[in-house]
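Here is a walk through one structure, contact by contact. Keep the viewer open and follow along.

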Amino acid sequence: MVVPESAAFAIPDIFSYSEAAPLLCAGAIGYRSLKLSGLENGQSLGLTGFGASAHLVLKMAKYLFPQSSFFVFARSVKERKFAEDLGACWSGDIGDD
């Protein structure tokens, strides 16, 4: 594949191939969404669904915005538990308040 140099970024050597792989698709989608949100440190962030992209968003957001609160809405109990394990302050079903 050929891309313009301005759109290509070197993957730091600290990452193995398996560690870098999530950054190439779900990580890129999640990072773009997080940046577009305009979130500032201390503001709350809610995520609906907790699939491949959302769990990376939560990890990035916790790093970039350590004083923010993160809320996850997901249908699956397993996904909600995973969100809490990664640092969500609350998780619940999609219809929960």
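## Asp85 and its partner

Start with Asp85: at 52% relative accessibility, this residue counts as exposed, because the cut-off for exposed is anything over 50%. Asp85 pairs up with Lys81 in a salt bridge, and the closest N and O atoms of the two are 2.6 Å apart. Lys81 comes in at 47% relative accessibility, so this one counts as partly exposed.

Both residues sit in helix α4, four residues apart, which puts about one helical turn between them. Bear in mind that you're looking at a predicted model.

## The other salt bridge

How many salt bridges does a search of the whole structure find? The tally is two. Besides Lys81 and Asp85, there's Arg80 with Asp93, where the closest N and O atoms are 4.0 Å apart. Arg80 belongs to helix α4 (residues 77–85), while Asp93 is in the segment after β3 (90–92), so this contact ties together parts that are 13 residues apart in sequence.

Are the two ends of this bridge buried or exposed? Arg80 counts as buried, with 16% relative accessibility. Asp93 has 31% and counts as partly exposed.

## Aromatic pairs

Helix α4 has an aromatic contact to show as well. The count of aromatic pairs for the structure is two. In one of them, the ring centres of Phe50 and Phe82 are 5.8 Å apart and the planes meet at 75 degrees, so the arrangement is edge-to-face. The reasoning is simple: planes over 60 degrees apart go in that class.

Phe82 is the partner in helix α4, and Phe50 is in the loop between β1 (45–48) and α3 (52–64), so the pair ties together parts 32 residues apart in sequence. As for cover, Phe50 is buried with a relative accessible area of 5%, whereas Phe82 is partly exposed at 36%.

## Strands β1 and β2

Now for the overall layout. The protein chain has four helices and three strands, and from the N terminus on they run α-α-β-α-β-α-β. Strand β1 is joined to strand β2 (residues 70–73) by four bridges, and the two run parallel. If you want a register mark, look for Leu47, which stands opposite Val72 in β2.

Which side chains of β1 point to which face? They alternate: Leu45 and Leu47 go to one face and are buried, while Gly46 and Thr48 go to the other and are not.

## Two serines to check

Ser68 is in the loop between α3 and β2. With a relative accessible area of 9%, Ser68 is buried. Measure along the sequence and Ser68 is 24 residues from Ser44, but in space their C-alpha atoms are 5.4 Å apart.

Ser91 is part of strand β3, and at 13% relative accessibility Ser91 counts as buried too. Here the C-alpha distance to Ala61, which is 30 residues away along the chain, is 16 Å.

## A nonpolar patch

Over at the surface, there's a nonpolar patch made of Ile11, Ile14, Phe15, Leu23 and Leu24. Together these residues offer about 500 Å² of accessible area.

Where does Ile11 sit? Look in the segment before α1 (17–24). At 42% relative accessibility, Ile11 counts as partly exposed.

## Cysteines

What about disulfides? A disulfide is a covalent bond between the sulfur atoms of two cysteines. The count here is zero. Still, you can find Cys25, which is partly exposed at 49% relative accessibility, and Cys89, also partly exposed, with a relative accessible area of 47%.

## The chain as a whole

Zooming out, the C-alpha atoms fill a box of roughly 45 × 25 × 20 Å along the principal axes. The protein chain has 97 residues, and 26% of them count as buried. Among the buried ones are Arg80, Phe50, Ser68 and Ser91.

How values were computed
Residues are numbered from 1 along each chain as its sequence is written. This is a predicted model: local features need pLDDT of at least 70, side-chain atom pairs count only at pLDDT 80 or more; totals for chains, interfaces and linings use all residues. Side-chain values use heavy atoms; hydrogens and water are left out. A salt bridge is a side-chain nitrogen of Lys or Arg within 4 Å of a carboxyl oxygen of Asp or Glu. Buried means under 20% relative accessible area, exposed over 50%, partly exposed in between (1.4 Å probe, protein chains only). Rings of Phe, Tyr and Trp (its six-membered ring) pair if their centres lie within 6.5 Å; planes under 30 degrees apart count as stacked, over 60 as edge-to-face and the rest as tilted. Patches are made of residues with over 30% relative accessible area and no salt bridge: like charges are joined within 9 Å, nonpolar side chains (Val, Leu, Ile, Met, Phe, Trp, Tyr) within 5 Å. Accessible areas come from the Shrake-Rupley method with a 1.4 Å probe; for residues, only the protein chains shown count as cover. A disulfide is a pair of cysteine sulfur atoms within 2.5 Å. Two strands pair if DSSP finds at least two bridges between them.
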